[in-house]
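This report describes one protein model, part by part. Please look at the sequence and the structure before reading on.

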Amino acid sequence: MLDTLRHELIHALLAPFDLFYETASELASKKEQELLDRVYAHSQEAGVRAIEGMLKYQKEKKATSLDYVYDPNELALTH
């Protein structure tokens, strides 16, 4: 349950990106909106997973800095 709460709190941390998404959505055609929705959903989840990975790494390694290196293949768009 705490993992779910942390996941949702990280989404709240990324909320400022919603401003761009909402603005771009208003200006987009239907086709552009579909693409924007797909990219936005993927980007949000990829960002959350990256932050979760950094937190997990810091906890496991007792790291004091953000010396986390992620695998970009882990964040690949799957659609």
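The text below deals with a helix, an aromatic pair, a salt bridge and a surface patch. The model is predicted.

**Helix 3**

Helix 3 runs over residues 30-61 and has 32 residues. How far apart should its ends be? At 1.5 Å a residue, the expected span is 46 Å, and the end C-alpha atoms lie 46 Å apart, which agrees.

Which residues of helix 3 are buried? They are Gln 33, Leu 36, Gln 44, Ala 46, Val 48, Ala 50, Ile 51, Glu 52 and Gly 53. The cover over these buried residues includes helix 1 (2-13) and helix 2 (17-27).

**The aromatic pair**

The count of aromatic pairs comes to one. Tyr 21 and Tyr 40 form this pair, with 4.0 Å from centre to centre and 20 degrees between the ring planes. Planes under 30 degrees apart count as stacked, so the pair of Tyr 21 and Tyr 40 is a stacked one. Tyr 21 belongs to helix 2 and Tyr 40 to helix 3, so the pair ties together parts that are 19 residues apart in sequence.

The two rings' residues fall on either side of a cut-off: buried means under 20% relative accessible area. Tyr 21, at 19%, therefore counts as buried, while Tyr 40, at 21%, is partly exposed.

**Helix 1: a salt bridge and a patch**

A search of the whole structure finds one salt bridge. It joins Arg 6 and Asp 3, whose closest N and O atoms are 3.4 Å apart. Both residues lie in helix 1, three residues apart, which is about one turn of the helix. Why does such a spacing suit a contact along one side? An α-helix has 3.6 residues a turn, so residues three or four places apart point the same way.Arg 6 is partly exposed, with a relative accessible area of 36%, and Asp 3 counts as exposed at 51%.

A nonpolar surface patch is made by Leu 2, Leu 5 and Leu 9, and its area is about 340 Å². Leu 9 is placed in helix 1. With a relative accessibility of 53%, Leu 9 counts as exposed.

**Accessibility of the residues discussed**

The table collects the values given above.

| Residue | Relative accessible area | Class |
|---|---|---|
| Tyr 21 | 19% | buried |
| Tyr 40 | 21% | partly exposed |
| Arg 6 | 36% | partly exposed |
| Asp 3 | 51% | exposed |
| Leu 9 | 53% | exposed |

Key: Residues are numbered from 1 along each chain as its sequence is written. This is a predicted model: local features need pLDDT of at least 70, side-chain atom pairs count only at pLDDT 80 or more; totals for chains, interfaces and linings use all residues. Side-chain values use heavy atoms; hydrogens and water are left out. Helices (H or I, at least four residues) and strands (E, at least two) are DSSP runs, numbered from the N terminus. The expected span of a helix is 1.5 Å times one less than its number of residues. Buried means under 20% relative accessible area, exposed over 50%, partly exposed in between (1.4 Å probe, protein chains only). Contact means heavy atoms within 4.5 Å. Rings of Phe, Tyr and Trp (its six-membered ring) pair if their centres lie within 6.5 Å; planes under 30 degrees apart count as stacked, over 60 as edge-to-face and the rest as tilted. Patches are made of residues with over 30% relative accessible area and no salt bridge: like charges are joined within 9 Å, nonpolar side chains (Val, Leu, Ile, Met, Phe, Trp, Tyr) within 5 Å. Accessible areas come from the Shrake-Rupley method with a 1.4 Å probe; for residues, only the protein chains shown count as cover. A salt bridge is a side-chain nitrogen of Lys or Arg within 4 Å of a carboxyl oxygen of Asp or Glu.
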